[in-house]
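Dear colleague,

I am handing over the structure we talked about, and you will find it directly below. After it I have set out what was found, so that you can follow each point in your own viewer.

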Amino acid sequence: MTMRTSGRAEHEAAAGHAESAITNSLEQVRDILCGAQFREFARRLAHTDAQVAAQAEELRSEARRRLDALEAHMRSEIDSLSASIEAQRAAADGALGSAARESREALELIAQRVQRLEELVARTQRELRQQLLDQSKSFLDETRRTRSELSAMLERELAAVWADGTDAAGPAREAAAESERYQRTERRSDEAA
């Protein structure tokens with residue numbers, strides 16, 4: 001069995017040598033037939049690879065340049081918008097402050113007007129009370145004068161009746177007593193007033 005194995009190994013080794021010799025000769029034949037074309041193809045492929053790599057690098061740098069320009073433009077636009085928003089906010093704050101100030105001034109004016117109206121109402125009430133007091137005093141004076149005139153006229157009438165000496169002495173005394181009671185009542189009401 002060892003013989004068989006070593007014969008086989010030899011046979012395989014010989015076959016491997018033969019195969020490698022065939023491969024080498026095929027390589028040589030291929031190199032002879034197509035070697036110049038393969039080298040030209042390899043040169044062109046290397047040139048194309050270099051061109052593609054250069055164009056890819058150029059595209060990358062162009063894309064980077066455009067992105068940087070876009071980023072710079074976006075930053076300037078954002079800064080411009082921020083400044084515009086800040087200016088609008090400042091203007092709105094100013095308008096709000098102005099409106100608040102105007103509202104405070106309007107409220108102060110209204111408060112002053114209300115105070116003046118309250119003073120006017122108080123003064124008018126005082127004047128009205130004074131007029132009512134004056135009129136009531138005038139009315140009381142007029143009432144007293146009228147009462148005095150009526151009392152004097154009643155006394156004259158009573159005196160005339162007594163002077164005639166007629167039988168009307170009884171009713172005349174009653175009228176005089178009534179007149180005196182009336183005068184006392186009036187005096188009390190005057191004193192109470």
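R60 and E57 both belong to helix α1, where they sit three residues apart, about one turn of the helix. Their side chains form a salt bridge in which the closest N and O atoms are 3.2 Å apart. Please keep in mind while reading that this is a predicted model, and that the distances and areas in this message are computed from it. R60 has a relative accessible area of 46% and therefore counts as partly exposed, and E57, with a relative accessible area of 39%, is partly exposed as well.

The pair R89 and D93 can be read in a similar way. These two residues are separated by about one helical turn, because they are four residues apart in helix α1, and their side chains meet in a salt bridge with an N to O distance of 2.7 Å. R89 is partly exposed, since its relative accessible area is 42%, and the value of 41% for D93 puts that residue in the partly exposed class too.

A further pair is E40 and R44, whose side chains meet in a salt bridge of 3.2 Å, taken from N to O. Both residues lie in helix α1 and are four residues apart, about one turn of the helix. Are E40 and R44 exposed or partly exposed? E40, at 29% relative accessibility, counts as partly exposed, whereas R44 has a relative accessible area of 52% and is exposed, because the class of exposed residues begins over 50%. This pair does not stand alone, as E40, R43 and R44 are linked in a network of salt bridges. For the structure as a whole, the number of salt bridges comes to ten.

Another contact you may wish to look at involves T146, a residue of helix α1. The side chain of T146 reaches the backbone oxygen of E142 at a distance of 2.7 Å. T146 itself is partly exposed, given its relative accessible area of 34%.

Turning from charged and polar groups to nonpolar ones, there is a surface patch made of L67, L70, M74 and I78, which together offer about 400 Å² of accessible area. One of its members, L70, lies in helix α1, a helix that covers residues 2-164. At 48% relative accessibility, L70 counts as partly exposed, because the class of exposed residues begins over 50%.

Finally, here are the values for the whole protein, which may help you to place the details above. The secondary structure consists of two helices and zero strands. Of the 193 residues, 4% count as buried. The accessible surface comes to about 16,700 Å², and 58% of this surface belongs to carbon and sulfur atoms.

If you open the model with one question in mind, it could be this: which residues form the nonpolar patch on the surface? They are L67, L70, M74 and I78.

With best wishes

Definitions and conventions: Residues are numbered from 1 along each chain as its sequence is written. This is a predicted model: local features need pLDDT of at least 70, side-chain atom pairs count only at pLDDT 80 or more; totals for chains, interfaces and linings use all residues. Side-chain values use heavy atoms; hydrogens and water are left out. Patches are made of residues with over 30% relative accessible area and no salt bridge: like charges are joined within 9 Å, nonpolar side chains (Val, Leu, Ile, Met, Phe, Trp, Tyr) within 5 Å. Accessible areas come from the Shrake-Rupley method with a 1.4 Å probe; for residues, only the protein chains shown count as cover. A salt bridge is a side-chain nitrogen of Lys or Arg within 4 Å of a carboxyl oxygen of Asp or Glu. Buried means under 20% relative accessible area, exposed over 50%, partly exposed in between (1.4 Å probe, protein chains only). A polar contact is a pair of N or O atoms within 3.5 Å; within protein, one must be able to donate a hydrogen and the other to accept it, and residues adjacent in sequence count only if both atoms are side-chain atoms.
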